[in-house]
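Welcome! Please take a moment to turn the structure around on your screen before reading on. The briefing below walks through it topic by topic.

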Amino acid sequence: MSVIRGARERARIEVTAAIKEEARRQLAAEGAARLSLRAVARELGMVSSALYRYFPSRDDLLTALIIDAYDAMGAEAEAALARTAAEDPHARWLAVCRSVRAWALEHPHEYALIYGSPVPGYSAPLDTVGPASRFPLTLVAVVRQAHAAGTLGPPPGSPLAAPVRADAARLAAELAPELPIPVIAALVGSWAQLFGLLNFELFGQFNRVLEARGEFYDQAVGALAAQVGLPPAGALPAVLPAE
């Protein structure tokens with residue numbers, strides 16, 4: 001029985017992978033809003049009722065593709081973080097940010113699925129939260145390293161407005177209680193601005209504006225590193241003010 005069960009499980013894995021691959025092809029050709037289980041089944045030579053045993057609805061298939069995209073992007077960022085373990089935090093920040101840009105440029109339709117326009121009628125379930133957190137947590141890890149080493153400085157700018165400080169305090173308690181609250185607020189801003197840069201590049205807003213896009217991206221994410229208090233490479237330790 002275990003041999004039969006193992007063969008069935010392998011077959012299910014293979015069919016699931018084929019369904020996802022065809023769905024990704026349709027994303028590239030038609031966009032997420034036009035993804036259709038019937039069209040996927042037709043292209044794979046399956047009857048619709050058979051495909052529904054793998055994905056009961058279009059939203060279930062979309063969720064699987066979204067989780068895969070977040071996981072793939074997060075894995076690239078985590079690999080970049082691991083490769084640069086012995087380097088200074090500024091270099092690690094740059095490496096992580098570069099890894100995400102490289103993945104986005106290589107997988108533009110999957111990137112658009114998670115950071116493009118919302119799909120009409122689709123609401124992402126909580127299952128997507130963990131995978132979506134993988135990349136931002138690599139940025140948090142870089143900042144935590146700098147804080148532990150005593151090289152993290154205070155973020156520049158005005159004091160936080162009370163509502164912003166409250167949000168940042170809640171996030172700090174959940175993610176990194178040892179980090180100063182202004183650093184957490186700056187991290188959220190940098191995370192959002194980084195994807196603004198990528199969206200401008202992938203969705204054509206830089207056309208006829210910027211040619212040196214890789215160099216511009218490096219310059220911009222370097223500025224984001226300074227925004228959260230990371231020092232330039234080789235800088236002396238900084239002293240953060242008491243909270």
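Which residues do ring pairs link into a cluster? They are Tyr 70, Tyr 111, Tyr 115, Phe 135, Phe 195 and Phe 203. Keep in mind that you are looking at a predicted model. Its chain has 243 residues, and its secondary structure comes to 10 helices and 0 strands.

**The chain as a whole**

- Following the sequence from start to end, you meet the pattern α-α-α-α-α-α-α-α-α-α.
- The C-alpha trace spans about 65 × 50 × 35 Å along its principal axes.
- Buried residues account for 39% of the 243 residues.
- Among contacts with a separation of 6 or more, 75% come from residues 24 or more positions apart.
- The chain has an accessible surface of about 13000 Å², and carbon and sulfur atoms hold 58% of this area.
- There are 22 positive and 25 negative charges, and the mean positions of these two sets are 6 Å apart.

**Aromatic pairs**

- A pair of aromatic rings is described by two things: the distance of the centres and the angle of the planes.
- Searching the whole structure gives 8 aromatic pairs.
- One of them joins Tyr 115 and Phe 195, whose rings are stacked, with 4.0 Å from centre to centre and 15° between the planes.
- Tyr 115 belongs to helix 6 (residues 108-115) and Phe 195 to helix 9 (residues 181-202), so this pair ties together parts that lie 80 residues apart in sequence.
- Are these two partners buried or exposed? Tyr 115 counts as buried because its relative accessibility is 17%, and Phe 195 also counts as buried, at 5%.
- Phe 200 and Phe 206 make an edge-to-face pair, because their planes stand at 65° with the ring centres 5.5 Å apart.
- In that pair, Phe 200 is partly exposed, with a relative accessible area of 41%, whereas Phe 206 is buried at 10%.

**A charge over a ring**

- Which residue lies over the face of Tyr 217? It is Arg 101, at 5.7 Å from the ring centre.

**Glu 22 in helix 1**

- Glu 22 is found in helix 1, which covers residues 2-30.
- With a relative accessibility of 10%, Glu 22 counts as buried.
- Setting aside residues up to four places away in sequence, Glu 22 touches Val 40, Glu 43 and Leu 44.

**Arg 208 in a loop**

- Where does Arg 208 lie? Look in the loop between helix 9 and helix 10 (213-227).
- Most residues other than glycine have a negative phi.
- Arg 208 is not a glycine, yet its phi is positive, at about 60°.
- Arg 208 counts as exposed, with 81% relative accessibility.

**Phe 216 in helix 10**

- Phe 216 lies in helix 10 and counts as partly exposed at 33% relative accessibility.
- Which residues does Phe 216 contact, leaving aside its neighbours within four places in sequence? They are Leu 197, Phe 206 and Leu 210.
- Phe 216 and Leu 197 are 19 residues apart along the chain, and their C-alpha atoms are separated by 9.5 Å.
- Phe 206 is a residue you have already met, as the partner of Phe 200 in the edge-to-face pair.

Terms used:
Residues are numbered from 1 along each chain as its sequence is written. This is a predicted model: local features need pLDDT of at least 70, side-chain atom pairs count only at pLDDT 80 or more; totals for chains, interfaces and linings use all residues. Side-chain values use heavy atoms; hydrogens and water are left out. Rings of Phe, Tyr and Trp (its six-membered ring) pair if their centres lie within 6.5 Å; planes under 30 degrees apart count as stacked, over 60 as edge-to-face and the rest as tilted. Helices (H or I, at least four residues) and strands (E, at least two) are DSSP runs, numbered from the N terminus. Buried means under 20% relative accessible area, exposed over 50%, partly exposed in between (1.4 Å probe, protein chains only). A charge sits over a ring if NZ of Lys or CZ of Arg is within 6 Å of the ring centre and within 35 degrees of the ring normal. Contact means heavy atoms within 4.5 Å. Accessible areas come from the Shrake-Rupley method with a 1.4 Å probe; for residues, only the protein chains shown count as cover. Lys and Arg count as positive and Asp and Glu as negative; His and the chain ends are not counted. The place of a charge is taken as NZ of Lys, CZ of Arg, CG of Asp or CD of Glu.
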